[in-house]
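Work through the exercises below with the structure open beside you. Try each task before reading its solution.

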Amino acid sequence: MTKDAPSYHNISRREWLVVVALLLLAFALRTIDLTRVPPGFHNDEVADALITESVAAGRIAIFFPENIGNEGLYYYCAAPFVKFVGDIQYALRLPPIFLSLIGMCLVWAVARRLFGPVAALTAMAGFAVTFWTVAFGRIVLHVVMEVPLAALAAYAFWRAREATGRRSVALYAVSGAAVGLAIDAYTAARVLPFIFVAFGLYVLIAHRSEWRRTWGGIAIALIATAIVVLPLAVFLIQNPQDDQLGFFNIDQPLVELKQGNPQLVIETSLNTLGMFAFVGDPLPYYDVPNRPVFDPITSILLLFGLSIAVWRWRKPAYAFVLLWFIITLMPGMLSQPAPNYTRTLGVQAVLFAVVGIAVAALLKRWRHRLVYAGLALLFAGNLAWTAHDYFTVWPSTDTVRFWQQAGLKAVADRLQADPDTSPVAVCVPDYLIDEREPWWYPAWRHMQVLLHRPDLSLRYYNCVDAMILIDGPARYAFPDAADVQALEQFPIYAQFLKQAQPQVTTLPDRSGMIVRADRANMPIDQRLAEVAGGSSVGPAPEVGGASINLPIDLGDRVQFLGYALSAESIKRGGSFDLTTYWHVTGDGSASLTTGLPPQLSQFTHVLNAQGEIVAQQDGLSLTSTSLRAGDVFIQIHHLTLPTDLKSGTYDLSIGLYTQVDGNRLPIVANGQPQGDRLFLRSIDVTP
């Protein structure tokens, strides 16, 4: 043991009892109501869940490019849970729970090794009940692996300083390897090696007699780090596009700093330093927006602990903690928005130990029952504050429910428990039906995580601008629709489902509605007959010929059944709606596969006399790959005419095409090809 290390004794039975009690409390906070809170899965959680499932199925990679790029270590730890635990939602949330508890034990070990049992128990108590640590002990994110590995690195490093010979060398190597593994787990951990280097410089200045031995150990640690990180580093050097540090301009403060403008870095740094007392993470993903980490009293204790550490900076333990505190906050200081509770996770390894320094100093100065009572009251208050905000306030916040897709989860939970096997059409907003799979994952990807019912056939559509009517009895899910009055706002319910004497189920917490109805009881046949009778359809001019009879086949995949115009005479600058009706034929088989290609879209063009497009709308408000043979779907296009459009008659043309390549579905009528676009009734534009 070095001369500056604190003295400590074997752990007493009383201390063990407190440790066990805190672990049980922490376990309870991280497992209670696990299927309700968080109220769903955030997009980043879905990405990590899908990667974990792919690893469980045998996928191997050092870095996963999905979402905005993810280091791979966490997924190999989480995959066995997915493979062997039955309930997928529990399986996904178990690894963060265990990692959080392991991290908590290591935080206690670090604080005890550096500052003794009082500081250690304080650190453990804070880690157990603080909202920040509780939230990240329940979410499905690969970032949660940073804290236990960082704490292990700190513990092994300090043990190595106190050891000699081969034992010291081994511990330095373990510390470096832990840092390397942390980097293999999360991007923000890349700052951890700088802590060792900064501490080495500190020793060179303040304890010159120890610099050779210290730098020898640091060299061992850094070599171990480099060896562990080498495969990841090689991959990222060869594939720099996968390491998306500039996503959503997250790195803008650093970019501007490199350009000589420090203003943004100053702002993000102040916000990051203030997150413990004055400001909080503005994002609602894993915290109540703008909620600081600590209450005012704990914030004062943190400031007091930092002041003591600065005052005692010549003692290596205090200098080490100060350096760790500052450097692990740098990913938050150099990025936006700030503060950010994800990119600053590394500070948790020593954060609560700093509070423990203050508590130890107070108890050393005043060993009085009132002080103990005050600390107990502070602990109880933080426990109550966290429990209230995490289990009541946070999951009920509208922005949280939006980002966590709470309504979609409520629908999935109901479908999972319902033995009914009838198909389901799920109404979701446009950004959840994008089949291109952009950064934001579509609804069907969310349902891969939320629902494990391979016997259910699911369709996804936006029921404001589209309708899907499934052949036979089916269920129509409306996530986030609180009551029947909310259902009335959707055209599909008001025009069709309501007329079919439906069975309506309200989901818990007014988080959605599920309507069961039979298409045979809907007025769809009458509507289609009316539409067909009033639909005049002709071929494109380049094809020629007379009008075409309905239904019209497109690519042996889908039939055009007719259309309706909200107006045929429109003032220039005015708007009108075109409603088109379609029937999925697919490949004609009875299987659950469909002949519709992915990313299918409809174009609607308003054309002048020269055939030029003067107004248009493209899109299908549904996922074409979810449709099945026999489905009828209806699309509403809203078109606005230019204000400077000349008066006169304008043609209206429609067709279907695939977004991925722009290829249009060919039209066949009366057994003859008819080009790739249809001409509807003309519209008159008036002044």
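**Exercise 1. The second largest pocket**

Task: Find which helix gives the most to the lining of the second largest pocket, then describe that pocket.

Solution. The model is a predicted one.

Step 1. Helix α5 gives the most to this lining, with 7 residues.

Step 2. The pocket holds about 820 Å³ of space. It is lined by 26 residues, and those closest to its centre are Leu121, Thr122, Ala125, Val359 and Leu375.

Step 3. Two or more lining residues come from each of α1 (13-31), α5 (117-129), α13 (296-311), α15 (348-365) and α16 (369-396).

Step 4. Sorted by class, the lining has 18 nonpolar, 6 polar and 2 charged residues.

**Exercise 2. The largest pocket**

Task: State the volume of the largest pocket and say which residues are closest to its centre.

Solution.

Step 1. The volume of the largest pocket is about 1,100 Å³.

Step 2. Ile68, Tyr186, Ile250, Asn340 and Arg343 are the closest to the centre, out of 42 lining residues.

Step 3. The elements that give two or more residues to this lining are α2 (43-56), β2 (70-71) and α14 (316-333).

Step 4. By class, the lining of the largest pocket divides into 22 nonpolar, 10 polar and 10 charged residues.

**Exercise 3. Strand β3 and its partners**

Task: Look at both faces of strand β3 (residues 424-427) and decide whether their residues are buried or exposed. Then describe how β3 pairs with β4 and with β6.

Solution.

Step 1. A residue counts as buried if its relative accessible area is under 20%. On one side of β3, Val424 and Val426 are buried, and on the other side Ala425 and Cys427 are buried, so both faces are covered.

Step 2. β3 pairs with strand β4 (residues 458-461) in the parallel sense, over 4 bridges. Within this pair, Ala425 stands opposite Arg459 of β4.

Step 3. The pairing of β3 with strand β6 (residues 473-479) is also parallel, over 3 bridges. Here Val426 stands opposite Ala477 of β6.

**Exercise 4. The nonpolar cores**

Task: Name the residues that touch the most other members of the largest nonpolar core, and the helix that gives the most to that core.

Solution.

Step 1. The largest nonpolar core has 154 residues, and Trp132, Phe136 and Phe276 touch the most other members.

Step 2. Helix α4 (residues 88-115) gives the most to this core, with 14 residues.

Step 3. Leaving out residues up to four places away in sequence, Phe136 touches Pro96, Val143, Val144, Tyr286, Tyr341, Thr342 and Leu345.

Step 4. Another core, of 66 residues, lies apart from the largest one, and its members include Cys427, Leu561, Leu665 and Leu680. Cys427 is also one of the buried residues of β3.

Methods:
Residues numbered from 1 in each chain as written. Predicted model: local features only at pLDDT ≥ 70, side-chain atom pairs only at ≥ 80, totals over all residues. Heavy atoms only, no water. 1 Å grid on protein atoms, 1.4 Å probe; cavity = no way out; pocket = protein on both sides within 12 Å on 5 of 7 lines; lining within 4 Å. Points joined across faces, edges and corners; volume = space filled by probe spheres on them. Nonpolar A, V, L, I, M, F, W, Y, C, P; charged D, E, K, R; others polar. Buried < 20%, exposed > 50% of the residue type's maximum accessible area, 1.4 Å probe, protein only. Pairing = 2+ DSSP bridges. Core = buried A, V, L, I, M, F, W, Y, C linked by side-chain atoms within 4.5 Å. Contact = heavy atoms within 4.5 Å.
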